[in-house]
Number of protein chains: 2
Amino acid sequence: MLQINYMIKSNDQETEARILDAARSVFLRRGTAGARMAEIAEEAGVNQALLHYYFRSKAGLAEAVFQRAARDLFPPVLRTLASDAPLEEKVREVVVLELDTLRDNPFLPGYVLAEMNHHPERVGQFVASLTGVSLETVGPRVFDRLGAQIEEAVEAGEMRPIPPEQFVINLLSLCIFPFAARPMLMAVTGMDDAGFRAMIERRKAELPEFFLRGLRP
Amino acid sequence: MLQINYMIKSNDQETEARILDAARSVFLRRGTAGARMAEIAEEAGVNQALLHYYFRSKAGLAEAVFQRAARDLFPPVLRTLASDAPLEEKVREVVVLELDTLRDNPFLPGYVLAEMNHHPERVGQFVASLTGVSLETVGPRVFDRLGAQIEEAVEAGEMRPIPPEQFVINLLSLCIFPFAARPMLMAVTGMDDAGFRAMIERRKAELPEFFLRGLRP
DNA sequence: GTCTATATTGTGATAGAC
DNA sequence: GTCTATCACAATATAGAC
């Protein structure tokens, strides 16, 4: 009796998490506009009315899911890039970090990129939330630190000059795009899931060198 | 009178094109699931019923728009890559081709990537339509030709070995991703539209060298 | 907190006049 | 070919019992 009572009471928290997980799964696969509350409820194993009890509206759920997804995709990389580690080490670290994350969440890039394009207003809001401060602080912080390191390396004759923005864009492009274009790549090359994973593993090993060679004088 | 009569008669063709253009514009911005037939009709300057007269259903319109968009995004590049031009020339050509296309259609990548993720079944269909033949012919044709050229260059000591798939993935990543991630890039860096275009122009000049250096021994 | 039943709107699609 | 008016249903959201 006590046991049962305890379990019921604890459900409120656990249920909310289950709903959020189900919502994430459905939103990532179908996109926000294509997602159906009924499907989320079913996947969470609860009634549809409960979704509204916890998140008020579909928009509320969508907001929560997008914030979480964007946090999974970008901040770890940006934090790494803003650190004090040597440049080459940063590159290797970002590649492994990003490729491992996306191997486990292959729908993440497609979803986040699509949402950003469909709801540009959410992007500023998200960027602001990264530091809790205003929009203008995140970018500069990463790019200033990176720019200084690049300048150092250039003066030491180890590297060509490159704007830090282009540095970041190139690196993220090479990591993220293959996942966003996964269905097309699989269709064109005839890869299956295992083949795709193998291709990604290979990238993990060779991408850092490819990227760094491209920057050398 | 004759004039008016002529214009009315010619409208059927012109109207269908106007609708398709409007549909493209709305679908690209909102995604298929998020697009509204009413908005398309308004943007085309016609009544909503006309959309059904010409395209039967929303799915019909969506199909037409996706085919056209995917054709704009991929085939020119694949054709270039499968040509007989020297490898380095191909790279320069692809970069200019792709960056110019996307400068004029910044929503294209986000839309196509999203649709592919949400409707993987359409991808095979599209790939098949590229040659009119079966799915297995397009990929190999590009990759075989490219693989041979790479092998040549490797034996001449001009290049490191790299699987042709990775070659293509890297090249497309560097061209396409910045547009797919445009809203995020603009928010993080504080760029406006002009700044983004300037950034792309800079890439057009520097991307080929960066890419090719990354492949040299 | 969780459910069933129901209200309310949004949205794709059709009928039929012009 | 093009419009207005309307239908039919899908999908979000709420009321209220348990």
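This tour moves through a predicted model of two protein chains and two DNA strands, naming at each stop what to select and what is there.

Residues are numbered from 1 along each chain as its sequence is written, while chains are lettered from A and ligands numbered from 1 in the order in which they are written. Because the model is predicted, local features need pLDDT of at least 70 and side-chain atom pairs count only at pLDDT 80 or more, whereas totals for chains, interfaces and linings use all residues, and side-chain values use heavy atoms, with hydrogens and water left out.

**Stop 1: the two protein chains**

Select chains A and B together: a rotation of 180° with 0.0 Å of shift along its axis superposes chain A on chain B, with an RMSD of 0.1 Å, the superposition being a least-squares fit on the C-alpha atoms of residues with pLDDT of at least 70 in both copies. The two copies are therefore related as by a two-fold rotation axis. To find that axis from chain A, pick A:G214, whose C-alpha is the one in chain A nearest the axis, at 2.0 Å. If you then select the interface residues of chain A, 100% of them are also interface residues in chain B, so the copies meet through the same surface.

**Stop 2: the domains of chain A**

Colour residues 2-66 of chain A as domain 1 and residues 74-215 as domain 2, bounds that come from an automatic or database domain assignment. The C-alpha centres of these two domains of chain A lie 30 Å apart, and 11 residues of domain 1 are in contact with 10 residues of domain 2, where contact means heavy atoms within 4.5 Å. Between them the two domains of chain A bury about 980 Å², 61% of it on carbon and sulfur atoms; this buried area is the accessible area (1.4 Å probe) that two parts lose on being put together, summed over both. Now select A:L28, A:E63 and A:F66, which supply 62% of the area that domain 1 of chain A buries against domain 2 of chain A, more than any other three residues.

**Stop 3: DNA strand C**

Select DNA strand C and the 17 residues around it, of which A:D12, A:N47, A:Y54, B:R36 and B:K58 come nearest; a residue is near a strand if one of its heavy atoms lies within 4 Å of it. α3 of chain A, residues 48-55, gives the most to this surface, with four residues, where helices are DSSP runs (H or I, at least four residues) numbered from the N terminus. Of the atoms of DNA strand C within 4 Å of the protein, 70% belong to sugar or phosphate and the rest to bases. Zoom in on A:T15, which has a polar side-chain atom 3.0 Å from a phosphate oxygen of DNA strand C, and then on A:N47, which has a backbone N or O atom 2.8 Å from a phosphate oxygen of this strand.

**Stop 4: DNA strand D**

Finally, select DNA strand D, where A:R36, A:K58, B:D12, B:N47 and B:Y54 come nearest among the 17 residues around the strand. The largest share of the surface near DNA strand D, four residues, comes from α3(B). Two side-by-side views close the tour: A:H52, with a polar side-chain atom 3.1 Å from a phosphate oxygen of DNA strand D, and A:K58, with a polar backbone atom 2.7 Å from a phosphate oxygen of DNA strand D.

Conventions: A polar contact is a pair of N or O atoms within 3.5 Å; within protein, one must be able to donate a hydrogen and the other to accept it, and residues adjacent in sequence count only if both atoms are side-chain atoms. Helices (H or I, at least four residues) and strands (E, at least two) are DSSP runs, numbered from the N terminus.
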